[in-house]
2 protein chains.
Amino acid sequence: MVSKKMEALGVKKSVIREIFEYAKGRKAEIGEDRVFDYSIGNPSVAAPEDVKGALLRLLTEADPVKLHGYTSAQGDPAVRRAIADHLNATYDAGADPNLIYLTVGAAAALTISMNAILNDEKDEEIVVLAPFFPEYRVFAEKAGARLTVVPCTEPDFQIDFDALEKAVRPETKAVIVNSPNNPTGVVLSEQSILRLCDILRKAEETFGHPIYLISDEPYRDLIYGDVSVPYLTRYYDDTVVCYSFSKSLSLPGERIGYILVSPKMRNASSVYAAVLGAGRALGFVCAPALFQFMIPYCLGKTADTSVYQRNRDLLYGALTEYGFTCANPDGAFYLFMKSPEPDAYAFCETAKKYELLLVPSDDFGFPGYVRIAYCVTTEQIERSLPAFRLLAKDYHLVS
Amino acid sequence: MVSKKMEALGVKKSVIREIFEYAKGRKAEIGEDRVFDYSIGNPSVAAPEDVKGALLRLLTEADPVKLHGYTSAQGDPAVRRAIADHLNATYDAGADPNLIYLTVGAAAALTISMNAILNDEKDEEIVVLAPFFPEYRVFAEKAGARLTVVPCTEPDFQIDFDALEKAVRPETKAVIVNSPNNPTGVVLSEQSILRLCDILRKAEETFGHPIYLISDEPYRDLIYGDVSVPYLTRYYDDTVVCYSFSKSLSLPGERIGYILVSPKMRNASSVYAAVLGAGRALGFVCAPALFQFMIPYCLGKTADTSVYQRNRDLLYGALTEYGFTCANPDGAFYLFMKSPEPDAYAFCETAKKYELLLVPSDDFGFPGYVRIAYCVTTEQIERSLPAFRLLAKDYHLVS
C-alpha cells in the first residue's frame with residue numbers, strides 16, 4: 001500500500017549516497033583523516049565572501065516581510081532581470097527575464113523541465129550521453145519517459161555522432177547535455193556542439209516536431225585555464241538551460257537555480273507556461289526567497305576554483321604516473337578513471353582496502369570506470385596518494 | 001509538444017494568484033493604500049526576532065562549507081531530533097527523528113506524501129473535506145489520484161460523517177484534514193477527530209488496507225484563545241503529518257517544513273522509504289540547509305499572532321454587524337463569508353467596485369462563499385470597513 005517504485009528508490013538510494021553514508025560511518029570508526037572519501041560532489045571550498053555579505057546585508061537591511069514572503073511563482077522579477085542581463089553581457093545569450101523561472105536547484109530545474117515537455121499520453125524518450133548523472137534516469141522515468149543512452153567516444157568523451165543519429169527517433173522529446181560533464185569533467189567542444197545541433201535540427205525537420213536540447217549546467221562556471229563552454233541558445237533554438245548556483249557558489253544545500261527557455265524557441269511561451277504548471281503540480285511554490293535575493297550580488301562570482309584546479313593537476317599527474325588511465329578534465333571537479341579490471345565494483349572494493357572511496361561508473365551508464373570527486377582538501381589528495389600508489393601496485397600497474 | 005495539462009496549469013494559475021497579480025497592478029494604478037487586498041495568505045507580521053538571530057548567528061559562526069552543504073536527503077539528523085523532541089514534549093506525539101523528513105515547505109510535503117503512497121497501477125482516490133485548499137486537486141491529480149470531495153456541515157464547518165462514510169471506498173488511499181482550515185479558519189474538535197478516526201479504522205478493517213490520514217498543518221501554531229488542535233498521531237496510527245514553518249514563522253517564501261510518519265503505523269518504514277524515493281524522483285535533493293539549521297532555534301516560537309487575533313475580532317465583528325454571515329475562525333488568518341448572492345464570482349466582481357479583493361470559494365470546492373485573508377495590517381482592515389459597509393448596503397443587508 002505504498003508506491004513500490006518510490007519505496008525501491010528510497011531503500012536503494014543512489015550508489016553515490018550509499019558510499020557517502022559508508023564514509024561517514026567509517027570516519028567515525030577510524031578517524032576523519034584516515035578515510036579518503038572521493039564519493040560526493042559536495043564543494044569543499046567555502047562560498048565566496050559575496051554570499052555572506054549579501055545574506056547579512058539582506059537580513060539586516062531588508063523588510064523581513066518582503067524578504068521572506070512569497071515571490072511570484074517564477075521568481076522575483078528584478079532577480080530574473082539581473083540574471084538575463086548577466087547572461088546577455090557574458091554570453092550574448094539572448095535571455096529574456098520573462099522566460100526565466102527560478103528553481104529549488106538544478107534537480108528541480110530538470111524534473112520541472114521534463115514534466116513540462118513530456119506529454120503523458122504516449123511513448124516518449126529522452127536521450128542522454130553516457131556517462132551521465134544517474135539521477136537523470138530517476139527523473140525521466142518518474143516523469144514518464146524512457147531513457148535512451150548514447151555512449152561517448154573513448155578516450156576523449158566527446159559525442160559519438162553515428163550512435164546519436166541512430167538513437168534520435170520520432171519518440172525523442174529531448175536530449176540532455178551536461179558540459180562540463182559529471183562524471184568526466186570533459187567540456188564539449190564547439191565543434192561537437194555544432195554537429196550535435198545540426199543533427200537535432202535535421203531530426204526536427206524529419207519528424208515534424210521540436211526536440212528540446214536540455215543543457216544541465218551546474219558546472220558551467222567551474223572551468224580551468226582558457227577553456228570556454230559554448231552557450232547553447234546561440235547554437236540551437238529549442239534550448240532549455242538548467243542552471244544551479246550549487247557548485248559555483250558552494251551552496252549545494254541551499255537549492256537555488258533556474259530554468260531558462262530560449263526566446264528563439266518557436267513555442268517558447270507554451271513551454272514556459274508548462275514549466276510554471278509543472279513547478280506548481282510538483283509542489284514547488286517558489287525558489288527560496290532569501291537565496292533568490294542573494295543572486296544579483298553574486299552573478300559571475302565563484303568560490304575559489306584554484307583549489308580544484310590544483311587538486312586536478314595533482315591527482316591527474318599522480319594517477320597517470322602510477323599507470324592509471326584518466327580523461328583529463330577541463331572543468332567540474334570529477335576525474336573519470338578507467339578501472340584496471342572490467343568490474344568497477346570489484347575495483348572499488350579493492351580500493352576500499354586502502355580507505356579510498358571511489359564511485360563505480362555503472363550507474364553513470366558507462367561501466368568499467370570510477371568517478372573520483374576531487375572537491376576535497378588538497379591535504380586529503382596529498383595524504384591519499386600513497387594509497388593510490390599501493391592500489392596501482394595491487395594491479396601491477398607500477399612496481 | 002508540451003504537456004497540455006501542465007501548460008493549462010501554468011496559464012490558468014490559481015484563482016488566488018490571479019487576484020494577487022490583479023492587486024499588484026491595481027495598486028500601481030491607484031495607490032497601495034486604496035486597494036484592499038484580501039487575496040493571499042502571505043503573513044503580514046514580521047518573522048520573530050529568533051529567526052533573524054539564528055540566521056545571523058549561523059552565518060557568522062558556522063563553517064560555511066557545512067552550513068551550505070548538502071544534508072542527508074531526509075534532513076540534518078540533529079534538526080530532526082530537535083523537531084521530534086519538541087513535538088513529544090508539546091503534544092506527546094510519539095515522534096521518531098528517523099521518521100521525519102524535512103521538505104521544501106508544505107506543498108512539497110503534500111506532493112511527496114501523495115507520490116509515496118499512491119501506487120500508479122490502479123484507480124486510487126484521495127478524500128478531501130470541503131472547503132479545501134485548491135492546490136490539493138492539482139497535487140493529487142498530478143500524483144495520479146482522483147479527488148473525492150466531502151462537503152462540511154454549515155454553519156460550523158465540521159465533518160459531515162454520513163457523507164464521509166459514503167465517500168470512503170475500497171479505492172480510498174488517504175483522507176486529507178487541514179485544521180485550522182484554509183479557507184474557514186475552523187479547528188476540528190476532538191469529538192470530530194475521534195469520530196473521523198473511528199470511521200477510518202473501520203474502513204481499514206473492511207477493505208483490508210491502510211487508509212492514510214494526511215494532516216496538513218501549516219496553521220497548527222496560529223490559534224486564538226484557549227483553542228487546542230488535537231495531535232493526530234495520538235488518535236490514529238496511519239497518520240502522516242505535513243507541517244510548514246511558512247505561516248507560524250512568517251517565512252512563506254523560504255520553503256521549509258517537514259513530513260512526519262507516525263511510528264505507530266504498521267508499515268511506517270515502507271512509507272518513510274517511499275517518501276525518500278518520491279522526494280528524490282520529484283527533484284527535492286534536500287530542504288534548504290540554512291533554514292534547516294535555523295529550526296532548532298525557533299521551535300515553538302511564532303510571529304506576533306496577536307495582530308491576527310485583533311484583525312479577526314475587528315473584521316468578524318464588523319462584517320456580522322453589517323449583516324454578513326461568517327464562520328468564526330479559531331485559527332489561521334482566513335474568514336469564510338457567505339456570498340449574499342449564489343454566484344460568489346459575481347459577488348467578488350461587485351466587491352471589486354469598492355476595491356475589496358476577495359477570493360470566490362468555488363475553487364475551494366464549496367461554492368457560494370468568499371475567502372478573506374486577514375493577514376494584513378490592522379490599518380488596512382480599519383480603512384476597508386467603510387467599503388465593506390457599502391458592499392453590504394449594495395446587497396440591502398444594512399441600511
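This text walks through a predicted model with chains A and B, going from the domains of chain A to its contact with chain B and then to single helices, residues and peptide bonds.

Chain A has two domains: domain 1 takes in 4–48 + 303–394, and domain 2 covers 49–298. Their C-alpha centres are 26 Å apart. Where they meet, domain 1 of chain A contributes 30 residues and domain 2 of chain A contributes 33 residues. On the domain 1 side, helix 12 and strand 10 of chain A are the elements that give two or more residues. That side is made up of 17 nonpolar, 9 polar and 4 charged residues.

The contact between the two chains involves 67 residues from chain A and 68 residues from chain B. Several helices of chain A supply at least two residues each to the side that touches chain B, including helix 1 (4–12), helix 3 (49–61), helix 6 (105–117) and helix 11 (289–298). Helix 10 of chain A gives the most to this side, with 11 residues. Sorted by class, the chain A side holds 40 nonpolar, 18 polar and 9 charged residues.

The largest nonpolar core has 291 residues. Within this core, A:Val275, A:Tyr374, B:Val275 and B:Tyr374 touch the most other members. Leaving aside residues up to four places away in sequence, A:Tyr374 touches A:Tyr38, A:Phe333, A:Leu335 and A:Ile381, among others. Its contacts also include A:Tyr308, A:Asn311, A:Arg312 and A:Leu315, and these four residues are among those buried in helix 12 of chain A.

Helix 12 of chain A runs over residues 306–321. Its 16 residues should span 22 Å at 1.5 Å a residue, and its end C-alpha atoms are indeed 22 Å apart. Besides the four residues just named, A:Tyr316 and A:Leu319 are buried in this helix. Seen down the helix axis, the buried residues of helix 12 of chain A fall within an arc of 115°, so they line one face. A general rule for such helices helps here. An α-helix has 3.6 residues a turn, so residues three or four places apart point the same way. The face of helix 12 of chain A turned away from the buried side carries the exposed residues A:Ser306 and A:Gly317. The buried residues pack against strand 9 (326–327), strand 10 (334–338), strand 13 (369–373) and helix 14 (378–394) of chain A. Just after helix 12 of chain A, A:Gly323 has a positive phi of about 100°.

Helix 9 of chain A can be read in a similar way. This helix has 18 residues, 190–207, and reaches 26 Å from its first C-alpha to its last, close to the 26 Å expected at 1.5 Å a residue. Its buried residues are A:Ser192, A:Ile193, A:Leu196, A:Cys197 and A:Leu200. They fall within an arc of 125° when seen down the axis of helix 9 of chain A, so they line one face of the helix. On the other side, A:Gln191, A:Glu205 and A:Thr206 are exposed. The buried residues of helix 9 of chain A pack against strand 5 (172–177) and strand 6 (212–217) of chain A. Just after the helix, A:Gly208 takes a positive phi of about 75°.

Strand 5 of chain A contains A:Ala174. This alanine is buried, because 23 other C-beta atoms lie within 10 Å and 20 or more are enough to count as buried. A:Ala174 touches A:Ile117, A:Ile126, A:Ile211, A:Tyr212 and A:Ile214, not counting residues up to four places away in sequence.

A second alanine, A:Ala344, belongs to helix 13 (residues 344–353) of chain A. A:Ala344 is buried, with 26 other C-beta atoms within 10 Å. With residues up to four places away in sequence left out, its contacts include A:Ser339, A:Pro360, A:Asp362 and A:Tyr369.

Some backbone details can be followed in chain B. The peptide bond from B:Glu154 to B:Pro155 is cis, with omega near 0°, and B:Pro155 lies in the loop between strand 4 (146–151) and helix 8 (161–167) of chain B. Another cis peptide bond joins B:Asn182 and B:Pro183, with omega about 25°. B:Pro183 sits in the loop between strand 5 (172–177) and helix 9 (190–207) of chain B.

B:Glu355 is not a glycine, yet has a positive phi of about 60°. This residue is found in the loop between helix 13 (344–353) and strand 11 (356–357) of chain B, and is partly exposed, with 18 other C-beta atoms within 10 Å.

How values were computed: Residues numbered from 1 in each chain as written. Chains lettered and ligands numbered in written order. Predicted model: local features only at pLDDT ≥ 70, side-chain atom pairs only at ≥ 80, totals over all residues. Core = buried A, V, L, I, M, F, W, Y, C linked by C-beta atoms within 7 Å. Buried ≥ 20, exposed ≤ 12 C-beta atoms within 10 Å, placed from the backbone. Contact = placed C-beta atoms within 7 Å. Expected span 1.5 Å × (residues − 1). Arc of directions from axis to C-beta. Domains from an automatic or database assignment. Nonpolar A, V, L, I, M, F, W, Y, C, P; charged D, E, K, R; others polar.
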